[in-house]
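Subject: Structure handover

Hello,

Please find the structure below, with the sequence alongside. My notes on it follow.

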Amino acid sequence: MINFFNTLTGKKEAFVPINAGEVKLYTCGPTVYDFAHVGNFRAYIFEDLLKRFLQFMGYKVVHIMNITDIDDKTIRGANAQGVDLNTYTQKYIDAFFKDIDTLNILRADTYPRATEHIPEMVAIVKQLIQKGYAYKKDGSYYFSIAKFPAYGRLSKINLEELQPGQRVDADEYEKETVHDFALWKAKKEGEPFWETEIGPGRPGWHIECSAMSSKYLGETFDIHCGGVDNIFPHHENEIAQSEAASGKKFVDYWLHCHHLIRDGEKMSKSRGNTITIPEILKVKNNPAALRLLLLSTHYRKTLNFSFQALDQAETALERINEFAGKVKYVPYPEGETSQVARILAEADQWFRAGLSDDLNISKAMTALFNLIKKVDVAIARADFKSQDAQKVDLFIRSINTVLGVITPIKSETAVVDTLRHKLNLIPPRVIVADETEMPKITAQQKDKIERRQEARAEKDFAKADQIRDELAAEGILLEDTKDGVRWKAVPIPKKPG
RNA sequence: GGCGCGGUACCCAAGAGGCUAAGGGAGAGGUCUGCAAAACCUCGAUUCGGCGGUUCGAGUCCGCCCCGCGCCUCCA
């Protein structure tokens with residue numbers, strides 16, 4: 001059974017989708033007025049983990065993520081640059097998708113844009129007018145929260161105790177009550193507008209999510225995600241609009257991701273302490289390590305971003321990759337042992353149990369590391385066979401459909417018979433198990449490995465070390481083991497800055 | 001002021017009444033080795049922000065206090 005912490009009830013609850021075997025998921029996407037920062041992607045990675053885990057557990061997931069391409073900031077940005085709205089937002093949309101791919105985040109089924117769903121929004125506003133939840137003032141339409149008694153249920157906010165911020169009063173639009181919010185904003189000088197049945201203007205912020213979620217997922221759907229800062233007012237307002245319009249429950253499970261902080265402070269554009277994915281990768285070019293870092297703190301806990309933490313994630317990931325490669329590429333004797341099935345069953349159980357418990361990623365990672373430890377011990381004792389390796393490899397691939405970070409390191413131990421070479425019995429040679437499975441290595445590089453082995457046999461260590469350095473600069477790492485020289489292909493380290 | 005989250009080893013981080021307080025990183029010792037690196041093995045908190053209380057038994061429940069953070073206004 002899968003449990004999720006539901007913001008609506010404030011409790012962990014058993015997850016039961018409306019239609020068995022199918023999950024309808026809506027996640028709040030970016031407002032494309034600037035480049036998204038890591039904090040934004042922490043939320044998208046959490047949602048990706050959620051989605052991948054549901055798929056792993058056999059659910060079909062229909063995932064919608066909106067793109068807010070019209071709001072105060074996009075309009076301001078476009079006007080400042082003297083370009084039209086679409087031209088302005090497109091470069092941020094492109095950057096967003098590029099980062100999504102870099103972080104190996106699965107694409108949503110649809111990324112509806114606000115500007116392409118004006119008629120759907122107008123239809124909801126009309127319904128709200130008709131049912132008496134909306135009123136018009138100076139060409140704008142507002143939602144009257146006094147008409148919706150359940151208002152505040154999600155955020156647990158008691159309106160009477162709310163201390164309105166100063167900027168509420170500074171709102172340029174006329175409202176009956178401060179907390180009423182705009183559904184539709186009347187046409188204004190210097191702003192894009194649409195001619196509609198409810199008059200010329202543009203949508204308020206919240207209405208797009210109500211309109212687009214119901215269009216693609218239905219009036220009631222399973223899960224709605226976002227950052228905690230969306231709980232109020234955005235999601236509260238969505239509930240009010242949608243439930244007032246449809247007369248039905250809007251969403252069963254609300255899951256909210258906590259913030260990513262930097263130096264103890266929330267990372268946000270308004271504070272100016274943001275950092276983007278490309279900026280991070282300029283310092284440490286390892287997207288999978290970044291993904292692991294963002295993934296490995298539980299989503300309801302604040303995550304403090306630092307490059308030290310990124311280094312730790314990278315080291316941990318290398319260990320996993322090393323192990324995955326050892327299982328996938330290294331040949332073992334035919335057969336199987338009895339213990340590996342047991343180790344795997346235990347790891348599988350922990351992995352599922354962990355993620356089933358409100359996405360407890362720590363427990364899931366523990367399952368993986370304990371597996372690694374136990375199998376490594378078995379390998380060290382030569383108590384590990386080829387069929388064991390296949391099963392472990394399969395398991396790793398399976399959990400990697402959820403984690404999305406593992407790339408087995410391809411490497412091979414070259415057995416060079418230096419003694420026989422010295423006696424001129426055979427030429428030195430690098431023995432490779434399966435050429436097609438090997439990482440990229442040139443004949444020249446192989447030749448160098450052989451020449452280094454010759455140098456070592458002749459105790460010309462200066463030459464041997466020089467060759468090792470040359471290969472390292474080319475991304476081929478040499479390691480002398482008791483079985484021979486082992487090489488692996490690694491990314492060539494980049495100089496920061 | 002209201003609502004909410006968190007404080008567990010040098011760092012990150014599980015655990016939410018009872019077998020020896022997961023796991024990762026760093027560190028120490030070891031195997032291997034020309035050296036190095038890597039890989040692997042072993043070790044590591046008598047103690048969970050503080051003080052009281054409940055209990056046979058408390059990181060875990062209750063009370064008070066201290067500290068950090070978020071939301072209440074556009075924000076993932």
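I begin with a cavity whose lining consists of Tyr44, Glu47, Asp48, His63, Met65, Ile100, Ile105, Leu106 and Tyr111; by volume this is the second largest cavity. Please keep in mind throughout that this is a predicted model.

Cavities

The second largest cavity holds about 50 Å³ of space. Two elements, H1 and strand E4 (60–65), each give two or more residues to its lining. H1 has the largest share there, with three residues. Sorted by class, the lining of the second largest cavity has six nonpolar residues, one polar and two charged.

How many cavities of 30 Å³ or more does the whole structure have? The search finds three. The largest cavity has a volume of about 70 Å³. Its lining is made up of Arg42, Ile45, Phe46, Leu49, Leu294, Leu295, Thr297, His298, Tyr299, Leu359 and Ile361. Helix H1 (38–56) and helix H9 (287–295) supply at least two of these residues each, and H1 gives the most, with four. The lining of the largest cavity divides by class into eight nonpolar, two polar and one charged residues. H1 thus appears in both linings, with four residues in that of the largest cavity and three in that of the second largest.

Helix packing

Helix H2 (residues 72–81) and helix H3 (residues 85–102) have axes that come within 9 Å and cross at roughly 110 degrees. Angles of 65 to 115 degrees count as roughly perpendicular, so H2 and H3 are roughly perpendicular to each other. On the H2 side, the residues in contact are Thr74, Ile75, Gly77, Ala78 and Gln81; on the H3 side they are Leu85, Tyr88, Thr89 and Lys91. Classed by type, this contact between H2 and H3 has four nonpolar residues, four polar and one charged.

Sheets

Two open sheets are worth listing. One has four strands in the order E5-E6-E7-E8, with antiparallel pairing. At its edges are strand E5 (134–137) and strand E8 (201–203), each of which pairs on one side only. On average, neighbouring strands in this sheet are turned by 25 degrees against each other, with direction ignored. E5 and strand E6 (residues 140–143) run antiparallel and are joined by four bridges. Within this pair, Tyr135 has Tyr142 in E6 as its bridge partner. Helix H7 (residues 231–246) lies across E6 and strand E7 (181–186), and runs at about 80 degrees to E7.

The other open sheet has three strands in the order E12-E11-E13, and its pairing is mixed. Strand E12 (265–266) and strand E13 (303–305) are at the edges with a single partner strand each, so one side of each has no neighbour in the sheet. Strand E11 (residues 260–262) runs antiparallel to E12, and two bridges join them. Arg262 has Glu265 in E12 as its bridge partner.

Backbone geometry

Which peptide bond is cis, with omega near 0 degrees? The bond from Phe232 to Pro233 is. Pro233 is found in helix H7, the helix that lies across E6 and E7 in the four-stranded sheet.

Asp358 is the other backbone entry on my list. Its phi is near 55 degrees, a positive value in a residue other than glycine. Where is Asp358 placed? Asp358 is in the loop between helix H11 (339–356) and helix H12 (361–380). As background to both entries, most residues other than glycine have a negative phi, and most peptide bonds are trans.

That is the end of my notes.

Regards

Conventions
Residues numbered from 1 in each chain as written. Chains lettered and ligands numbered in written order. Predicted model: local features only at pLDDT ≥ 70, side-chain atom pairs only at ≥ 80, totals over all residues. Heavy atoms only, no water. Axes fitted to C-alpha atoms, helices over the stretch in contact; angles between N-to-C directions. Parallel < 35°, antiparallel > 145°, perpendicular 65-115°, else oblique. Contact = heavy atoms within 4.5 Å. Nonpolar A, V, L, I, M, F, W, Y, C, P; charged D, E, K, R; others polar. 1 Å grid on protein atoms, 1.4 Å probe; cavity = no way out; pocket = protein on both sides within 12 Å on 5 of 7 lines; lining within 4 Å. Points joined across faces, edges and corners; volume = space filled by probe spheres on them. Pairing = 2+ DSSP bridges.
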